[in-house]
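Please give an overview of the fold, surface and domain layout of this protein.

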Amino acid sequence: MSSLPNAPTPRPGILDIAAYVPGKEHAPGVAKVYKLSSNETPLGASPRSIEAFRQAAGQLERYPDGQALELRHAIADVYALNPANLMCGNGSDELLGLLAHTYLAPGDEAIITEHGFLVYKIQIMAAGGTPVTVKERDCRVDVDAILAAVTDKTKLVFLANPANPTGTFVPVEDVRRLQTGLPKHVLLVLDAAYAEYVRRNDYEAGIELVSSNQNVVMTRTFSKIYGLAALRIGWIYAPAAIIDALNRSRGPFNLNAPAIAAGAAAVRDTAFTAAAIDFNAEWVGRVTEALTALGLEVTPSVANFVLIHFPEVEGKRAADADAFLTSRGFILRAVRGYGFPNALRLTIGTPEANEGVLAALSEFLRKD
Ligand SMILES: *Cc1c(COP(=O)(O)O)cnc(C)c1O
């Protein structure tokens, strides 16, 4: 027995995980700070959802509804879905983790893409699985590369669509081709955190694919367009068998009561959502145009952020821009960890923030 460790020891693989590092929040010494690093909406939450949150404060001694029925029914109404095929999570992060822990056994492989969302890799490794990373092409997910990476050990494929941090998307025809090419037992996870923002005829979040197949799920979040990141609310639309498995693995009260109430009010406030979509479309266009006019390369985005590529020029690289912008109070997201050492991700902010960051970048590029 002498070979037993002398302290509690995590499962093999856990200490190989690189913990998630969120975007910066502070600009030391700067009076006014614009946080444009976490893809949060500049418009806040719907006033109706804030009111629902306040109302929930009167009953904090009570356990929340473990089925989150009020929220599931609101989502079901707005998106025309069967509430039996919905489950809610403490952020979609929780759902992504549940999927990994429910469908991966140690040694199983899960496919992710070169610049994919870092949470996937963390959850795959936490579940004892092996992440298999496939190359992207020009900041776009390559469906054929994913199919080529499938082995007998593959159990999951994680696809953010639109993708973060690139802002690109996989057209619905390619997502269908991916699903068709996957073995029936491989679960395709469509993470559609930014779906509401997309205004493209060749994009679909995944509702149709989930409805007509047994091996596709779609995850969504209230952290982006609904402006409720602080409350941690996500949802998944999935075939009944998958909902059943996830319901067995989750915590019984994984959503808190204020989140259920505020989320339901937010999703029902469709006029607020529509205004947020319009605001974003206008500003993604304006910001992309202005950055391009400054000579910067911007990956065309369908989401609420843009990936800005900096020149390989001494003093003008992403790290230099990051330092300069931070000194002016503009916090962007460094994306080295996503495989972009010379780029920054900029979230669309208030008009004041957007104009300000453009002016600061112009100054940065002009200065010696
Ligand atoms: C922001 C984001 C999410 C949302 O995560 P939550 O846990 O719901 O806040 C999910 N996937 C991607 C790709 C994201 O960028």
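The report below covers overall form, surface and charge, and then domains.

This is a predicted model, in which local features need pLDDT of at least 70 and side-chain atom pairs count only at pLDDT 80 or more, while totals for chains, interfaces and linings use all residues. Residues are numbered from 1 along each chain as its sequence is written, and side-chain values use heavy atoms, with hydrogens and water left out.

The protein chain holds twelve helices and 15 strands. Helices are DSSP runs of H or I with at least four residues, and strands are runs of E with at least two, numbered from the N terminus. A compact globule of 368 residues would have a radius of gyration near 21 Å, so the 21 Å of the protein chain agrees. That radius is taken over C-alpha atoms, and the globule rule is 2.2 Å times the number of residues to the power 0.38.

| Property of the protein chain | Value |
|---|---|
| C-alpha box along the principal axes | roughly 60 × 50 × 50 Å |
| Residues that count as buried (under 20% relative accessible area, 1.4 Å probe, protein chains only) | 54% of 368 residues |
| Accessible surface (Shrake-Rupley method, 1.4 Å probe) | about 16,600 Å² |

Carbon and sulfur atoms own 54% of the accessible surface. There are 34 positive side chains (Lys and Arg) and 39 negative ones (Asp and Glu). The centres of the two sets lie 2 Å apart.

An automatic or database assignment sets the domain bounds. Domain 1 spans 15-44 + 271-366, and domain 2 spans 47-268. Their contact (heavy atoms within 4.5 Å) takes 31 residues from domain 1 and 31 residues from domain 2. The domain centres, over C-alpha atoms, are 25 Å apart.

How values were computed:
Buried means under 20% relative accessible area, exposed over 50%, partly exposed in between (1.4 Å probe, protein chains only). The place of a charge is taken as NZ of Lys, CZ of Arg, CG of Asp or CD of Glu.
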